[in-house]
Amino acid sequence: MLKSSKIREKPLINTRKKSVKVLVVGNPANTNALVCSHYAPSIPKENFTAMTRLDQNRAQYQVAAKLGVGVIDVRNVIIWGNHSATQVPDVANASYTKNGESKRALPDLDNNWVNNEFVPLVQKRGAAVIAARKLSSAMSAAKAACDHMRDWWQGTQSGSFVSMAVISDGSYGAPKGVIFSFPVTTSGGQWTIVQGLTVGDQVRSKLELTAKELLEERDEAMAVCEGKL
């Protein structure tokens with residue numbers, strides 16, 4: 001995947017419209033997005049994203065099912081880090097609406113369920129779908145891509161944020177210069193990382209693992225790009 005990126009990115013290098021928005025879906029999506037930006041240096045790095053919206057949609061469904069509400073009634077579930085099994089699903093800042101009342105999700109979710117069922121289920125859902133169907137979840141991925149681009153172009157709703165893998169500025173201790181999934185708001189075709197959210201100790205330790213994986217992927221990818229591998 002990485003070795004063929006230079007060929008695929010030639011149209012981007014030659015594009016005259018530097019406001020082009022890029023969503024990378026093919027795995028390793030985060031690092032492939034980074035490679036895309038490497039081969040299209042005239043395009044702002046902020047215009048390259050990778051898709052963790054599929055993971056968010058899966059996580060949001062699990063929370064909704066557990067709370068007995070519709071998926072549309074759950075918001076602000078976060079996917080941190082890499083689009084891989086090291087991703088970090090997080091409900092600490094999630095909320096839901098039931099019978100017209102908005103409530104925080106976490107007090108109504110059992111910690112054992114969150115840590116031992118919810119997190120590993122979301123992390124491994126893609127592999128489980130492939131194992132069961134012998135095919136990837138193409139329709140779910142297509143829906144997530146539409147969700148991602150709709151919010152990027154049309155903006156997020158007031159009080160809500162979504163998960164997008166974007167170029168890291170070091171927020172929340174994430175390494176700079178990798179494509180890392182953060183909670184973001186969007187407006188006017190631009191994304192902004194949400195600041196000041198609570199990050200618990202368990203989530204923090206998992207962030208270190210997904211960051212380590214992304215750094216390893218970046219180093220290997222850049223070695224390929226520079227002809228060292």
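Two strands pair if DSSP finds at least two bridges between them. Helices (H or I, at least four residues) and strands (E, at least two) are DSSP runs, numbered from the N terminus. With that in hand, let us walk through the structure above.

This is a predicted model, in which local features need pLDDT of at least 70 and side-chain atom pairs count only at pLDDT 80 or more, while totals for chains, interfaces and linings use all residues. Residues are numbered from 1 along each chain as its sequence is written, and side-chain values use heavy atoms, with hydrogens and water left out.

**The protein as a whole**

The protein holds 7 helices and 10 strands. Of its 229 residues, 50% count as buried, a word that stands for under 20% relative accessible area (exposed is over 50%, partly exposed in between; 1.4 Å probe, protein chains only). The accessible surface comes to about 11500 Å², and 53% of this belongs to carbon and sulfur atoms. Contact means heavy atoms within 4.5 Å. Among contacts between residues at least 6 apart in sequence, 65% join residues at least 24 apart.

**A sheet of three strands**

Strands 3, 6 and 7 form an open sheet in the order 3-6-7, with antiparallel pairing. Strand 3 (74–75) and strand 7 (101–104) stand at the edges with a single partner strand each, so one side of each is left without a neighbour in the sheet. Strand 6 covers residues 95–98 and is joined to strand 3 by 2 bridges. Here valine 74 has tyrosine 96 as its bridge partner, and arginine 75 has serine 95. Strand 6 also pairs with strand 7, over 4 bridges in the antiparallel sense; in this pairing threonine 97 is partnered by serine 102. The hairpin of strand 6 and strand 7 has 2 residues between the strands, and asparagine 99 takes a positive phi near 55° there.

**Around strand 9**

Strand 9 (residues 179–187) has 7 of its 9 residues buried, so it is largely enclosed by the rest of the structure. Strand 8 (residues 162–167) runs antiparallel to strand 9, and 6 bridges join them. In this pair, alanine 165 stands opposite serine 181. Strand 10 (residues 190–193) pairs with strand 9 over 4 bridges, again in the antiparallel sense, and threonine 185 has threonine 192 as its bridge partner. In the hairpin of strand 9 and strand 10, with 2 residues between the strands, glycine 188 takes a positive phi near 60°.

Here are the antiparallel pairs side by side:

| Strand pair | Bridges |
|---|---|
| strand 3 and strand 6 | 2 bridges |
| strand 6 and strand 7 | 4 bridges |
| strand 8 and strand 9 | 6 bridges |
| strand 9 and strand 10 | 4 bridges |

**Two helices that cross**

Helix 4 (residues 53–67) and helix 6 (residues 138–154) pack at an angle of about 105°, with their axes 8 Å apart. That makes helix 4 roughly perpendicular to helix 6, a label for angles of 65 to 115 degrees (under 35 is roughly parallel, over 145 roughly antiparallel and the rest oblique). Arg53, Leu54 and Asn57 in helix 4 meet residues of helix 6, including Ser140, Ala141 and Asp147.

**A buried threonine**

Threonine 31 lies in helix 3 (residues 29–38). Threonine 31 is buried, with a relative accessible area of 2%. Threonine 31 and asparagine 82 are 51 residues apart in sequence, and their C-alpha atoms are 8.8 Å apart in space.

Conventions: Axes fitted to C-alpha atoms, helices over the stretch in contact; angles between N-to-C directions. Areas by Shrake-Rupley, 256 points an atom, 1.4 Å probe, with all protein chains shown as cover.
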